[in-house]
Amino acid sequence: MKSSYHPQRMEIIVRVVFVLTLVNFGFVNGQIYDVLKFGAKGDGTTDDSKAFVEAWKAMCSSGGNNKTLLIPSDNTFLLQPLVFQGPCNSPSVQVQLEGKIVAPLNKEAWSDLKSCEWVSFNKIIGLTILGSGTINGRGSSFWEDNTPASKHPTQLHFQGCNNLEINGITSFDSPRNHISINDCRQVKITQIKLIAPGDSPNTDGIDISASTDVEIYDTMVGTGDDCVALNSGSINISITRMQCGPGHGISVGSLGKDGEESIVENVQVTNCTFNETNNGARIKTWPNGKGYARNIVFKDIILTETKNPIIIDQQYIDKGRIDVEESSAVAISNVTFVDFRGTSRQDEIIKIDCSEVTSCKDIVLDRIDITTIDGKKPIVECSNAYGNSTNAYDGCLKTQ
């Protein structure tokens, strides 16, 4: 009788058993922390907040490398406001978002309306958030509310998270800004989509403050406010290949509100497109502010029916505020606008309105090719601004 022993078949079986053992070892020993295994239902109606926090605590408290919090596909997870708290015992942790995360159906269903953030990550070093999943803040009930926007929650908030990477996710309909980066170092944001209706109030894409060495590239942001807002403390910021629109463009500021001292420096915005945005490249400061915004470059920008393609506004006054007598101003210097091309929805394509107190210094306008959609002659306005301009805009800026 012939033997039924087949060496190749036995080798395959051994390999399969070995792989399954490794996978099981990974789950047992905490390499992969699936929120479903911590009690999450993923049915879109059950509050899964507790399960998410428990899974995070288990992962964060364990040592070793390659720790992953898994939010699996084919599930919808309802979350109330929660905090993923660090520091963690692992030098790097990962959140793999493949499923859907949703907020409560409307404002009245939120458990904590006083919270300024919906999903927060606090003091986590080496955090990576990636995947093809989505997060939906269902913000329409907040937009319709008459309370100040500052009372509406941010969708994703990162506080004190150094060596942070966000890759691939999609965010819908945040009650306020989609992503907030505060007091973070070494940040990379790439291949994400941030989406909200063009008329949704204060739904900024990415807000940055008190953070350094931030790279944003290959992203798409279409919201009801700034695609990116660079607030005080934004230093060494690079934004490349962003598709912005609808929205209010990419803004430095506003800075110096209520006499505050603000600083922004070393900003590079390159190879970006603005599609039907209210603004393109913008710097805005309040009267009576202090500090500076300097070393800022907007380069290689394509505009499609942008309302204010290039604007520096040192007389910025938000809604509901009254004019003030200016005694100080945030100093603006070394700002370059180069290689702009496309169309504007209004005749005034460049407006540089600077303070009489400090003026704007070392401003460069170079290779600007913007036409109006109605065929009228473009209007350029510069006041209290010094620097160099070329092409058809010679003489707009004063020479020092």
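Colleague: What is the relative accessible area of Asn 295?
Modeller: This is a predicted model, in which local features need pLDDT of at least 70, side-chain atom pairs count only at pLDDT 80 or more, and totals for chains, interfaces and linings use all residues. Residues are numbered from 1 along each chain as its sequence is written, while side-chain values use heavy atoms, with hydrogens and water left out. A residue is buried under 20% relative accessible area, exposed over 50% and partly exposed in between, with a 1.4 Å probe and protein chains only. Asn 295 counts as partly exposed, since its relative accessible area is 30%.

Colleague: In which strand is Asn 295 placed?
Modeller: Strands (E, at least two residues) and helices (H or I, at least four) are DSSP runs, numbered from the N terminus. Most residues other than glycine have a negative phi, whereas Asn 295 has a positive phi of about 55°. The place of Asn 295 is in strand S24.

Colleague: Which residue meets Asp 300 in a salt bridge?
Modeller: A salt bridge needs a side-chain nitrogen of Lys or Arg within 4 Å of a carboxyl oxygen of Asp or Glu, and here the N to O distance is 2.8 Å. Asp 300 lies in strand S24 (residues 290-306) and its partner in strand S26 (residues 331-344), so the pair ties together parts that are 41 residues apart in sequence. Asp 300 is partly exposed at 24% relative accessibility, and the partner is Arg 341.

Colleague: Is Lys 284, which has a salt bridge with Asp 226, buried or exposed?
Modeller: The side chains of Lys 284 and Asp 226 meet at 3.8 Å, N to O. Lys 284 lies in strand S23 (residues 279-285) and Asp 226 in the loop between S18 and strand S19 (228-230), so this pair ties together parts 58 residues apart in sequence. Asp 226 has a relative accessible area of 2%, and Lys 284, with 7%, is likewise buried.

Colleague: Which residue joins Asp 226 and Lys 284 in a network of salt bridges?
Modeller: A search of the whole structure finds 9 salt bridges. Those that share partners join Asp 226 and Lys 284 into one network with Arg 282.

Colleague: Which strands form the edges of the open sheet?
Modeller: Two strands pair if DSSP finds at least two bridges between them, and the sheet has 11 strands with parallel pairing, in the order S5-S8-S11-S14-S17-S19-S21-S23-S25-S27-S29. Each edge strand pairs on one side only, and these are strand S5 (82-85) and strand S29 (379-383).

Colleague: Which residue of S29 is the bridge partner of Ile 350?
Modeller: Strand S27 (residues 348-353) pairs with S29 in the parallel sense over 5 bridges. The bridge partner of Ile 350 in S29 is Val 380.

Colleague: Which residue follows Gly 253 across a cis peptide bond?
Modeller: Most peptide bonds are trans. A cis bond joins Gly 86 and Pro 87, with omega about 0°, and Pro 87 lies in the loop between S5 and strand S6 (93-97). The other bond asked about has omega of about 15°, and its second residue, found in strand S21 (residues 250-255), is Ser 254.

Colleague: What percentage of the residues of the chain count as buried?
Modeller: The chain contains 3 helices and 30 strands. Of its 400 residues, the part that counts as buried is 50%.
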